[in-house]
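Here are a few exercises to work through with the model open beside you. Try each task before reading its solution.

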Amino acid sequence: VSWIHTMNKMKKQTYIGLLASILITLSCQSYKKSCVHNCGIGTTQELQQSIPVIQAHLANNPKDLTAFYSLAMSYYKLHHFDTAIQYYDTLISLKPNFNGAYSNRGICKLFLGDQQGACLDFENSVSYGQNPRVLADSSLTEYIAVHCK
């Protein structure tokens with residue numbers, strides 16, 4: 001029985017990781033034109049170095065959605081999900097219909113074990129018109145159908 005629980009937990013983490021990979025990759029593609037964009041940054045050191053640069057940019061541009069998005073992505077990639085959620089919260093407060101912020105915040109909540117909060121964010125993301133490529137892939141809508149009802 002113990003190994004079944006372990007296998008189910010591993011399947012869930014694999015599914016969350018796959019869903020996260022799809023949503024994060026697609027949402028990054030829409031922000032590549034920004035000078036503060038960091039989706040292509042791969043190493044932990046590069047991510048850590050990008051944070052103060054983006055924060056300095058925000059000091060002069062306090063409503064730059066792309067900069068907040070980049071910070072949220074940096075913290076997400078560093079597995080600092082609580083901090084990433086704070087930046088996604090800021091994005092949502094500045095632009096309440098920012099669908100990518102909802103889906104990415106939902107992923108962070110999944111990793112923190114907040115299934116109910118994740119489902120609410122995913123549903124908001126879809127209601128605000130989540131990236132059609134994600135919907136065409138149906139990963140997000142399938143997740144909602146299976147885990148959020």
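**Exercise 1. Get an overview of the fold.**
Task: find what share of the contacts in the protein chain between residues at least 6 apart in sequence join residues at least 24 apart.

Solution. Among contacts between residues at least 6 apart in sequence, 56% join residues at least 24 apart. Keep in mind that this is a predicted model. Next, the secondary structure: the protein chain has 8 helices and 0 strands, so its pattern along the sequence reads α-α-α-α-α-α-α-α. Finally, burial: 44% of the 149 residues count as buried.

**Exercise 2. Work out how H2 sits against H3.**
Task: decide whether H2 and H3 are roughly parallel or antiparallel, and list what meets at their contact.

Solution. Start with the geometry. Helix H2 covers residues 44–60 and helix H3 covers residues 65–77; they pack at an angle of about 160°, and their axes are 10 Å apart. Angles over 145 degrees count as roughly antiparallel, which makes H2 roughly antiparallel to H3. As for handedness, H2 passes H3 in a left-handed crossing.

Now the residues. From H2 come Leu 47, Ser 50, Ile 51, Ile 54, Gln 55, His 57 and Leu 58, and they meet Ala 67, Phe 68, Ser 70, Leu 71, Ser 74, Tyr 75 and Lys 77 in H3. Sorted by class, the contact of H2 with H3 has 8 nonpolar, 5 polar and 1 charged residues.

**Exercise 3. Do the same for H3 and H5.**
Task: find how H3 and H5 are oriented, and which residues make the contact.

Solution. Again, geometry comes first. H3 and helix H5 (residues 99–111) pack at about 25°, with axes 11 Å apart. Since angles under 35 degrees count as roughly parallel, H3 and H5 are roughly parallel to each other. H3 passes H5 in a left-handed crossing. On the H3 side the contact is made by Tyr 69, Met 73 and Tyr 76, and on the H5 side by Asn 104, Ile 107, Cys 108 and Phe 111. The class split for H3 with H5 is 6 nonpolar, 1 polar and no charged.

A helical rule helps when you look at lists like these: an α-helix has 3.6 residues a turn, so residues three or four places apart point the same way.

**Exercise 4. Place Ala 72.**
Task: say whether Ala 72 is buried or exposed, and what it touches.

Solution. Ala 72 lies in helix H3. Its relative accessible area is 0%, and buried means under 20%, so Ala 72 is buried. Leaving out residues up to four places away in sequence, Ala 72 touches Ala 84, Tyr 87 and Tyr 88. As for Ile 51, 21 residues away along the chain, its C-alpha atom is 9.6 Å from that of Ala 72.

**Exercise 5. Look at a loop residue.**
Task: where is His 79 found, and is it buried or exposed?

Solution. His 79 is found in the loop between H3 and helix H4 (81–94). With 58% relative accessibility, His 79 counts as exposed, the cut-off being over 50%. Now check the backbone: most residues other than glycine have a negative phi. His 79, though, has a positive phi, near 65°.

**Exercise 6. Check the length of H6.**
Task: what should helix H6 span at 1.5 Å a residue?

Solution. H6 has 13 residues (115–127), so it should span 18 Å; its end C-alpha atoms are 18 Å apart, which agrees. The buried residues of H6 are Gly 117, Ala 118, Cys 119, Asp 121, Phe 122 and Ser 125. After H6 comes Gly 129, with a positive phi near 90°.

Note on methods:
Residues are numbered from 1 along each chain as its sequence is written. This is a predicted model: local features need pLDDT of at least 70, side-chain atom pairs count only at pLDDT 80 or more; totals for chains, interfaces and linings use all residues. Side-chain values use heavy atoms; hydrogens and water are left out. Helices (H or I, at least four residues) and strands (E, at least two) are DSSP runs, numbered from the N terminus. The expected span of a helix is 1.5 Å times one less than its number of residues. Buried means under 20% relative accessible area, exposed over 50%, partly exposed in between (1.4 Å probe, protein chains only). Axes are lines fitted to C-alpha atoms, for helices over the stretch in contact, and angles run from 0 to 180 degrees between N-to-C directions. Angles under 35 degrees count as roughly parallel, over 145 as roughly antiparallel, 65 to 115 as roughly perpendicular and the rest as oblique. A crossing is left-handed if the near helix is turned anticlockwise from the far one by less than a right angle, and right-handed if clockwise. Contact means heavy atoms within 4.5 Å. Ala, Val, Leu, Ile, Met, Phe, Trp, Tyr, Cys and Pro count as nonpolar, Asp, Glu, Lys and Arg as charged, and the others, Gly among them, as polar.
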